Amino acid sequence: MDRRDFLKKTITSGIAAGSTLVFPKMGRLWAASQGAGTPAWDLVAVRGGEPDQMFDSAIAAMGGIQTFVPRGSKVLVKPNIGWDVPPERAGNTHPALVKRIVEHCLSAGAKDVTVFDHTCDNWVRTYRNSGIEKAVKDAGGRIISGDSKGYYQQVDVPMGKRLTEARVHQALLEADVFINVPVLKHHSSSMVTIGMKNLMGVVWDRGYWHRNDLHQCIADFASFRAPDLTVVDAYNVMTRNGPRGVSVNDVVSMKAQVISTDFVAADAAAAKLFGTEPADIRHIQIASDMHLGQMNLADLTIHRIRL
């Protein structure tokens, strides 16, 4: 039995029989089944566990973190840390997931694992109150500020139609490996925040995007550098009043996670979780039209794990 067959058998044995869903909106993602003999997984969807547990299972299904993180590499982990709210408000990526990803990267021999976001609220309070600063430090990673224009360098966006240049944080420009870790949530302007939208946190001038066709700018920038891995946190999902939310009443517990090397596919799957068709999210459709990734889940090999 070769390694790939071993992984398939091991993973398949972990899938709960029946795949009955707790959350109706998640049904469409888990409705299709993995085809027999499929050579590899384009996307792994996990549900039913804690954020760190789900990542452990998902990354094992993808071949282990060493598949993406070479020994001695510099890794950027980019969660959503945009808002000064506690984890239960689901305005930011869950700190337990960020911690676990950093731990995996360091265990694979990464030389440096850096975490940052260009926050919307005060970055000191946001880093602290999101729980992410402590999670990164406890894991042995390095958390840095995104709150100074001096950290950003001007780059061209060659495929951009409305966004042809941007000032990008040097941590992304210097990274050998880029792991994007968005939280899935409602957004009043872009309908949802997922992977591509999360990339607004690596640039200096987010306001330009809002003033110049937000959806086109989101897709434009996605063409600058694709993440090596996208991990969508759907443990707790803000279903209204995004991007900041008002109270825990805006949040639904989904206990789900989506991982893919194709960030358009990850966004498409997460949109399904949210109860929305990917084509109805304009920047996902634009990114698909730009051939940046696959939004048609029927064309993907998807592995589903229930813990």
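**Notebook: helix H11, the H3/H4 packing and unusual backbone angles**

I listed the buried residues of H11 and found Phe263, Val264, Ala265, Ala266, Asp267, Ala268, Ala269, Ala270, Ala271, Lys272, Leu273 and Phe274. I note that this is a predicted model.

**Entry 1. Helix H11**

I checked the burial count against the helix: 12 of the 12 residues of H11 are buried, and I recorded the helix as mostly covered. H11 runs over residues 263-274. I took its span from the first C-alpha to the last and obtained 16 Å, close to the 16 Å expected at 1.5 Å a residue.

I then looked at both ends. At the N-terminal end, Asp262 acts as the cap, with a side-chain oxygen 3.0 Å from the backbone nitrogen of Val264. Val264 is itself among the buried residues of the helix. After H11 comes Gly275, and I read its phi as positive, near 95°.

**Entry 2. Packing of H3 on H4**

Two packed helices are described by the angle between their axes and the distance between the axes. For helix H3 (residues 51-61) and helix H4 (residues 95-107) I noted an angle of about 40° and axes 8 Å apart. Angles from 35 to 65 degrees count as oblique, and H3 and H4 are therefore oblique to each other. I entered their crossing as right-handed.

Which residues meet where H3 and H4 pack? From H3 I listed Pro51, Asp52, Phe55, Asp56 and Ile59. On the H4 side I listed Ala96, Leu97, Arg100, Ile101 and His104.

**Entry 3. Backbone exceptions**

Most residues other than glycine have a negative phi, and most peptide bonds are trans. I therefore looked up departures from this pattern.

The peptide bond from Gly242 to Pro243 is cis, and I recorded its omega as near 15°. I placed Pro243 in the loop between strand E10 (229-238) and strand E11 (251-260).

Ala90 is not a glycine, yet its phi is positive, at about 60°. I located Ala90 in the loop between strand E2 (74-79) and H4. Is Ala90 buried or exposed? Its relative accessible area is 2%, so I entered Ala90 as buried.

Met191 is also not a glycine and has a positive phi, of about 75°. I found Met191 in strand E9, which covers residues 191-193. With a relative accessible area of 37%, Met191 is partly exposed.

Methods: Residues numbered from 1 in each chain as written. Predicted model: local features only at pLDDT ≥ 70, side-chain atom pairs only at ≥ 80, totals over all residues. Heavy atoms only, no water. Helix = DSSP H or I, 4+ residues; strand = E, 2+ residues; numbered from the N terminus. Expected span 1.5 Å × (residues − 1). Buried < 20%, exposed > 50% of the residue type's maximum accessible area, 1.4 Å probe, protein only. Polar contact = N/O pair within 3.5 Å; in protein donor to acceptor, adjacent residues only side chain to side chain. Axes fitted to C-alpha atoms, helices over the stretch in contact; angles between N-to-C directions. Parallel < 35°, antiparallel > 145°, perpendicular 65-115°, else oblique. Left-handed = near helix turned anticlockwise from the far one by under 90°. Contact = heavy atoms within 4.5 Å.
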